[in-house]
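This note is addressed to a colleague who is meeting the structure for the first time. The points below are best read with the model open alongside.

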Amino acid sequence: ARPRAARELERLLQGEGAHAPASGIVSHLPERVRNERPASAPHSIAEELWHIVFWQNHCLQWAQSVTLDYPARADLTWRHFDRITNDEWNDLVLRFDAGLRTAASLARDPAILDRPSMLMEPNAAVLQPTVREVLVGCAVHNAYHLGRIVFLRQLLHEWPPSDGGDSW
């Protein structure tokens, strides 16, 4: 049997238990909602999800022993959309979901969780975090930005999702 901590990491990556399921947060969104920035919000839902996918992809590459430079500036990790098309949105959601599956698969593999990752954060206290630490960071980062997406959906009167879900 897998250790309880590994099972919990997998659950956190998928948003089970700690918050609404991650894929459900970005599903069933009308096009107008994906692009809107209510109440002086700095980013749209599409931009928040693009940012999540950017970092999720980086974390997965570092966890899988790919050497990838840490972004030099925060603005390199965001993309501005005047309007995201349905095809672009669907591709982004597919990339997000695929990344979640990959992250969960890595979390299920006890042989690699304590292996050093390829992440080298500038000025970090931990110079080379383990795969587990990178995946925990990914889960926390995703949860933070998924919470922002839920808040944007609430402001836009699109929460809970039309197929059901928690109202908070």
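1. Q128 is a convenient place to begin; this residue sits in the loop between α6 and α7. The model is a predicted one. With a relative accessible area of 39%, Q128 is partly exposed, because that value falls between the limits of 20% for buried and 50% for exposed.

2. Which residues does Q128 contact, once its neighbours within four places in sequence are set aside? They are P116, S117, M118, L119 and M120. For P116, the separation along the sequence is 12 residues, while the C-alpha atoms of Q128 and P116 are 6.3 Å apart in space. The side chain of Q128 also reaches the backbone oxygen of S117, at a distance of 2.7 Å.

3. S117 deserves a point of its own. This serine belongs to the loop between α6 (residues 110–113) and α7 (residues 131–155). The relative accessible area of S117 is 0%, so the residue counts as buried. A polar atom of the S117 side chain lies 3.2 Å from the backbone nitrogen of L119. S117 therefore takes part in two polar contacts described in this note, since the limit for such a pair is 3.5 Å: one through its side chain, to L119, and one through its backbone oxygen, to the side chain of Q128.

4. The surroundings of S117 may be listed next. Leaving out neighbours within four places in sequence, S117 is in contact with W62, A63, Q128, P129, T130, V131 and V134. Of these, W62 and A63 belong to α4, which covers residues 45–63, and V131 and V134 belong to α7, which covers residues 131–155.

5. P129 is likewise found in the loop between α6 and α7. Is P129 buried or exposed? Its relative accessibility is 6%, so P129 counts as buried. Apart from neighbours within four places in sequence, P129 is in contact with P116, S117, L119 and V134. P129 and W62 are 67 residues apart in sequence, and their C-alpha atoms are 9.7 Å apart in space.

6. Helix α4 can be checked for its length. The helix has 19 residues (45–63), and at 1.5 Å a residue it should span 27 Å; the C-alpha atoms at its ends are 27 Å apart, so the expected and modelled values agree. As for its setting, 17 of the 19 residues of α4 are buried, which means that the helix is largely enclosed by the rest of the structure.

7. L49 is one residue of helix α4. Its relative accessibility is 0%, and L49 therefore counts as buried. Not counting residues up to four places away in sequence, L49 touches V26, W89, L92, V93, F96 and I149. The C-alpha atoms of L49 and N142 are separated by 9.1 Å, although the two residues are 93 residues apart along the chain.

8. The largest pocket has a volume of about 190 Å³. It is lined by 14 residues, and those closest to its centre are C59, L119, E121, V134 and G137. Helices α4 and α7 each supply at least two residues of the lining, and the largest share, 6 residues, comes from α7. By character, the lining residues divide into 8 nonpolar, 4 polar and 2 charged. Two of the residues closest to the centre, L119 and V134, are also contacts of P129.

9. Several backbone features merit inspection. Most residues other than glycine have a negative phi, and most peptide bonds are trans. A39, in the loop between α3 (residues 31–35) and α4, has a positive phi near 45°. S40, in the loop between α3 and α4, has a positive phi of about 60°. A39 counts as exposed because its relative accessibility is 70%, and S40 counts as exposed because its relative accessibility is 73%. After α4 comes S65, whose phi is also positive, near 65°.

10. What kind of peptide bond joins W159 and P160? The bond is cis, with an omega of about 5°. P160 is placed in the segment after α7.

Technical notes. Residues numbered from 1 in each chain as written. Predicted model: local features only at pLDDT ≥ 70, side-chain atom pairs only at ≥ 80, totals over all residues. Heavy atoms only, no water. Helix = DSSP H or I, 4+ residues; strand = E, 2+ residues; numbered from the N terminus. Expected span 1.5 Å × (residues − 1). Buried < 20%, exposed > 50% of the residue type's maximum accessible area, 1.4 Å probe, protein only. Polar contact = N/O pair within 3.5 Å; in protein donor to acceptor, adjacent residues only side chain to side chain. Contact = heavy atoms within 4.5 Å. 1 Å grid on protein atoms, 1.4 Å probe; cavity = no way out; pocket = protein on both sides within 12 Å on 5 of 7 lines; lining within 4 Å. Points joined across faces, edges and corners; volume = space filled by probe spheres on them. Nonpolar A, V, L, I, M, F, W, Y, C, P; charged D, E, K, R; others polar.
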